[in-house]
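Dear colleague,

Please find below the structure that I am handing over to you, together with its sequence. I would be grateful if you could keep both open while reading the notes underneath.

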Amino acid sequence: MFSSEDHQYMQQALRLAEAATRRAAPNPGVGCVLVRDGRLIGAGATVRTGGDHAEIQALKDCAARGESPAGATAYVTLEPCSHHGRTPPCAEALIRHGLTRVVAAMSDPYHEVAGRGLAMLRAAGIRTECGLLEAEARRVHRGFLSRVERARPWVTLKAAATLDGKTALQNGKSQWITGPAARSDVQRLRAFHDAILTGSGTVRADNPQLTVREIPDAPQPLRVVLDSRLETDPASRIYQGGNTLLATCVDDDGRLAPYLADGAQALPLPGRDLTALLGELAKRGVNHLMVEAGAGLNGALMQAGLVDEIVLYLAPALAGDAARGLFAWPPLQDLADKRRLTVDDVRMVGRDVRFCLRPVIADSQQ
């Protein structure tokens, strides 16, 4: 159905989409490539919210090259939109500019599109095809798809540990387990995410800022603190400068006031309901959520099945049995109950090893 040329151009569109993911949020970072007579004549990706979608950027690029898109094929990583939102429908723009074929990697599950964009193109006489490199597109658009299809962000849990799985000494000291290269890699990981979640124990022990550093002009993720009983210090660095959400079960304006004095916002949380918390973050447009927390919150999220991937940095060092571990949950009675993971990627980062792992959802093979 699809040629090698089709695959080549869709791969280019996917690379554009991946690079646009963070700046486009909460919209999907779509990529679009325009091709006519075997030549690329335009390319573009979604810009920030309220700006051009990928198809419009590609059409503008086509005009800047002195090319006409009439008769061209558009390769898009997500079905062109068909509704009026902050911008006009992209499907209408493709029709208006005379394209004759549109290849989409996947349909858009958003309820205002959901097949309508492709139907609009077909009704105008444009040949449409869907499903080219769909698995790759779902990976690139995983955050947006998670928010739309599951009503929660894609959750990446980041952790750093010694080779024997320890994240801190018994006295709480944890700086620094990993080396400078791994810490710089974490900055890039933070810059990709819309929000970072941590728990009250981490705030008390480390007083982190959880900001992006070392990367000029990188957007700062929303910082989210889960402090159900207000046990953290209101003067903690994470509450300074705004851009912080305090998720808590405490409903007392007087107690909350010191935490909100420098621009933080409170998010009422009935019970320590992690699913509800992720749902609230999705409503606020968070596609990708990074977790930087201690064993308690890490373990609770894993037990609730709310972790989609783990990025684990292992340092070639040992901290001993008494040091603190990665995940806290009740003791297992049988090894059949262990949590299994699949390895997506493993590489050296400086002197440390970085694993990208995914929890196994259904585990029938021990």
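The following paragraphs describe what was found, beginning with confidence and then turning to the sheet, its helices and the annotated site.

Please note that this is a predicted model. The mean pLDDT of the protein chain is 91, and 97% of its residues reach 70 or more. Confidence is highest in strand β11 (residues 288–291), at 98, and lowest in helix α4 (residues 116–123), at a mean of 91.

The sheet

Five strands make up an open sheet with mixed pairing, and their order is β2-β1-β3-β4-β5. Its edges are formed by β2 (39–45) and β5 (127–130), each of which pairs on one side only. From one strand to the next, the twist averages 15 degrees.

Strand β3 has partners on two sides. With strand β1 (residues 31–36), β3 pairs in the antiparallel sense over four bridges. Within this pairing, Val35 stands opposite Thr73, and Leu34 has Ala74 as its bridge partner. With strand β4 (residues 101–104), β3 runs parallel, and four bridges join the two. Here Thr73 stands opposite Arg101 of β4. Thr73 therefore has a bridge partner in β1, Val35, and another in β4, Arg101.The faces of β3 are covered as well: Thr73 and Tyr75 are buried on one side, and Ala74 and Val76 are buried on the other.

Helices on the sheet

Helix α1 lies across β1, β2, β3 and β4, and runs at about 150 degrees to β1. Helix α4 also packs on the sheet, where it touches β4 and β5, and its direction makes about 155 degrees with that of β5.

One residue of α1 (residues 4–24) may interest you, namely Arg22. Is Arg22 buried or exposed? Its relative accessible area is 16%, and because the limit for buried is under 20%, Arg22 counts as buried. Leaving aside neighbours within four places in sequence, Arg22 is in contact with Ala191, Phe192, His193 and Asp194, and also with Pro219, Gln220 and Pro221.

The annotated binding site

Which residues does the UniProt record list under "binding site"? The record, an unreviewed entry, places this feature at His53, Cys81 and Cys90. These residues span 38 residues in sequence, yet no two of their C-alpha atoms are more than 9.1 Å apart, so the three positions gather at one spot.

Cys81 is found in the loop between β3 (73–76) and α3 (90–96). With a relative accessible area of 8%, Cys81 is buried. Beyond its neighbours within four places in sequence, Cys81 is in contact with both other annotated residues, His53 and Cys90, and with Pro88, Pro89, Ala91 and Val113.

Cys90 belongs to helix α3. Cys90 is buried too, at 1% relative accessibility. Setting aside its neighbours within four places in sequence, the contacts of Cys90 are His53, Glu55, Ile56, Pro80 and Cys81. His53 thus appears in the contacts of Cys81 and in those of Cys90.

In closing, the two points to take from these notes are the five-stranded open sheet and the gathering of His53, Cys81 and Cys90 at one spot.

Yours sincerely

Definitions and conventions. Residues are numbered from 1 along each chain as its sequence is written. This is a predicted model: local features need pLDDT of at least 70, side-chain atom pairs count only at pLDDT 80 or more; totals for chains, interfaces and linings use all residues. Side-chain values use heavy atoms; hydrogens and water are left out. UniProt positions are given in the numbering used here, feature names are shortened, and annotations may be inferred rather than shown by experiment. Buried means under 20% relative accessible area, exposed over 50%, partly exposed in between (1.4 Å probe, protein chains only). Contact means heavy atoms within 4.5 Å. Two strands pair if DSSP finds at least two bridges between them. pLDDT is the predictor's confidence in each residue, from 0 to 100. Axes are lines fitted to C-alpha atoms, for helices over the stretch in contact, and angles run from 0 to 180 degrees between N-to-C directions.
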